[in-house]
Amino acid sequence: MALNLEPVYKGIFEKFKTRKKFSIQSIEKNVLVVEQDEEICGQKEPRSFEFKSPREFEEFVRMENQYEVDIERQLQGNKMPYR
């Protein structure tokens, strides 16, 4: 018996606070497929991520948001990351 996890996944998806562009591709058999639109040297290079549970997806969202916070912190500080 499969649970309907679509509202759960969409609620977690709304927690993204990043400049990266993510979109939900599909939710089938409680497996979520998220695609990131990434542009490298003018070429679109979509990356797909597959999540088998809401907990796994929530951890991914948390890590992406933390990564964005770290970048913002570096940009606001006086120290450049490459020095």
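Reader: Which residues of H2 are buried?

Author: This is a predicted model, so read each value as computed from it. The buried residues of H2 are Pro54, Phe57, Phe60, Val61, Glu64, Asn65 and Glu68.

Reader: What do the buried residues of H2 pack against?

Author: They pack against one helix and three strands: helix H1 (6-13), strand S1 (21-28), strand S2 (31-37) and strand S5 (47-51).

Reader: How does the span of H2 compare with what its 23 residues should give?

Author: Start with the expected rise, 1.5 Å a residue. Helix H2 runs over residues 54-76, so it should span 33 Å. The C-alpha atoms at its ends are 33 Å apart. The two values agree.

Reader: Now the packing of helices. How are two packed helices described?

Author: By two values: the angle between their axes and the distance between the axes. Here is the case in this structure. H1 and H2 pack at about 10°, and their axes are 10 Å apart. An angle under 35 degrees counts as roughly parallel. Therefore H1 is roughly parallel to H2.

Reader: Which residues make the contact between H1 and H2?

Author: From H1 come Val8, Tyr9, Ile12 and Phe13. From H2 come Pro54, Phe57, Glu58 and Val61. Sort the residues of this contact by type: seven are nonpolar, none is polar and one is charged.

Reader: Which residues make up the largest nonpolar core?

Author: Such a core is a set of buried nonpolar residues joined through side-chain atoms within 4.5 Å. The largest one here has twelve residues. They are Leu5, Tyr9, Ile12, Phe16, Phe22, Leu32, Val34, Phe49, Phe51, Phe57, Phe60 and Val61. H1, S2, S5 and H2 each supply at least two residues of this core.

Reader: Which element gives the most to this core?

Author: H2 does, with three residues.

Reader: Take Phe57. Is Phe57 buried or exposed?

Author: Buried means under 20% relative accessible area. Phe57 has 0% relative accessibility, so Phe57 counts as buried. Phe57 is found in helix H2. Leaving out residues up to four places away in sequence, Phe57 touches Tyr9, Ile12, Phe13, Phe16, Leu32, Val34 and Phe51.

Reader: How many residues apart in sequence are Phe57 and Tyr9?

Author: They are 48 residues apart in sequence. In space, their C-alpha atoms are 7.7 Å apart.

Reader: What does Val34 touch?

Author: Again leave out residues up to four places away in sequence. Val34 then touches Phe22, Ser23, Gln25, Arg47, Ser48, Phe49, Phe51 and Phe57.

Reader: Glu64 is in helix H2 too. Is Glu64 buried or exposed?

Author: Glu64 is buried, because its relative accessible area is 13%. Beyond four places in sequence, Glu64 touches Phe16, Lys20 and Phe22.

Reader: Where is Ile24, and is Ile24 buried or partly exposed?

Author: Ile24 has its place in strand S1. Its relative accessible area is 26%, so Ile24 is partly exposed. Not counting residues up to four places away in sequence, Ile24 touches Lys10, Phe13, Leu32 and Val33. Ile24 and Phe13 lie eleven residues apart in sequence, with 8.3 Å between their C-alpha atoms.

Reader: Let us turn to the loops. Where is Arg19?

Author: Arg19 is in the loop between H1 and S1. At 52% relative accessibility, Arg19 counts as exposed. Not counting residues up to four places away in sequence, Arg19 touches Glu68, Ile71, Glu72 and Leu75. Now a wider pair: Arg19 and Phe51 are 32 residues apart in sequence and 21 Å apart in space, C-alpha to C-alpha.

Reader: What is phi of Lys29?

Author: Lys29 has a positive phi of about 50°, although it is not a glycine. Lys29 sits in the loop between S1 and S2. Its relative accessible area is 81%, so Lys29 is exposed.

Reader: And what is phi of Asn30?

Author: Phi of Asn30 is near 60°, a positive value in a residue other than glycine. Asn30 is found in the loop between S1 and S2. Asn30 counts as buried, at 18% relative accessibility.

Terms used. Residues numbered from 1 in each chain as written. Predicted model: local features only at pLDDT ≥ 70, side-chain atom pairs only at ≥ 80, totals over all residues. Heavy atoms only, no water. Helix = DSSP H or I, 4+ residues; strand = E, 2+ residues; numbered from the N terminus. Expected span 1.5 Å × (residues − 1). Buried < 20%, exposed > 50% of the residue type's maximum accessible area, 1.4 Å probe, protein only. Contact = heavy atoms within 4.5 Å. Axes fitted to C-alpha atoms, helices over the stretch in contact; angles between N-to-C directions. Parallel < 35°, antiparallel > 145°, perpendicular 65-115°, else oblique. Nonpolar A, V, L, I, M, F, W, Y, C, P; charged D, E, K, R; others polar.
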